[in-house]
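Notebook open, coffee poured. I want to go through this model from the fold down to the charged pairs and write down what I look up.

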Amino acid sequence: MAHVSPPDLQGPRRRAALRLRNATAVSLEEEVEDALRHLAGELGLTRNDTIRFIVREWMEKNAYLPVHSLYEDGDVEGSA
């Protein structure tokens, strides 16, 4: 992977993301399923939404996706 340029990886990553999005079920080991159910309950998400969250976080932290950061010192439009 270190020798492949990011533009060359973009197509396979998009195809993989579409396959994951369209997959009806991802089967995991029982201990992983238990941890996933526990985390989904804590986050108040469905199992699939929790998997999406985990994958997105992993991809951002490993520089496969741009990080969406909050700029807390900037001006905010609107009112609270």
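My entries follow, starting with the ground rules.

**Ground rules.** I am working on a predicted model, where local features need pLDDT of at least 70, side-chain atom pairs count only at pLDDT 80 or more, and totals for chains, interfaces and linings use all residues. I number residues from 1 along each chain as its sequence is written, and side-chain values use heavy atoms, with hydrogens and water left out.

**Confidence.** I looked up pLDDT (the predictor's confidence in each residue, from 0 to 100). The protein averages 81, and 79% of the residues score at least 70. Helix 2 has the highest confidence with a mean of 95, while helix 1 has the lowest at 79.

**Fold.** I count three helices and zero strands, in the order α-α-α from the N terminus. Helices here are DSSP runs of H or I with at least four residues, strands are runs of E with at least two, and both are numbered from the N terminus.

**Surface.** About 7300 Å² is exposed by the protein, and carbon and sulfur atoms supply 56% of that. Areas come from the Shrake-Rupley method with a 1.4 Å probe; for residues, only the protein chains shown count as cover. Of the 80 residues, 10% are buried. My cut-offs are under 20% relative accessible area for buried, over 50% for exposed, and partly exposed in between (1.4 Å probe, protein chains only).

I also found a nonpolar surface patch made of Leu20, Val26, Leu28, Val32 and Val55, together giving about 340 Å² of accessible area. Leu20 sits in helix 1. A patch takes residues with over 30% relative accessible area and no salt bridge, joining like charges within 9 Å and nonpolar side chains (Val, Leu, Ile, Met, Phe, Trp, Tyr) within 5 Å.

**Helix 3.** How far apart are the end C-alpha atoms of helix 3? They are 21 Å apart, which agrees with the 21 Å that its 15 residues (47–61) should span. The expected span is 1.5 Å times one less than the number of residues. Thr50, Ile51, Met59 and Glu60 are buried in this helix. The cover over its buried residues includes helix 1 (6–22) and helix 2 (30–43), with contact meaning heavy atoms within 4.5 Å. Just after helix 3, Ala63 has a positive phi of about 65°.

**Salt bridges.** I count six salt bridges, each a side-chain nitrogen of Lys or Arg within 4 Å of a carboxyl oxygen of Asp or Glu.

I looked at Glu33 and Arg47 next, which pair at 2.7 Å, N to O. Glu33 is in helix 2 and Arg47 in helix 3, so the bridge ties together parts 14 residues apart in sequence. Glu33 is buried at 12% relative accessible area, whereas Arg47 is partly exposed at 27%.

Then there is Glu30 with Arg37, whose closest N and O atoms are 3.3 Å apart. Glu30 is exposed at 53%, and Arg37 is partly exposed at 48%.

Within helix 3, Arg56 and Glu60 form a salt bridge at 3.2 Å, N to O. Why are they about one helical turn apart? Because they are four residues apart in helix 3. Arg56 is partly exposed at 39%, and Glu60 is buried at 12%. One last note: shared salt-bridge partners join Glu30, Asp34 and Arg37 into one network.
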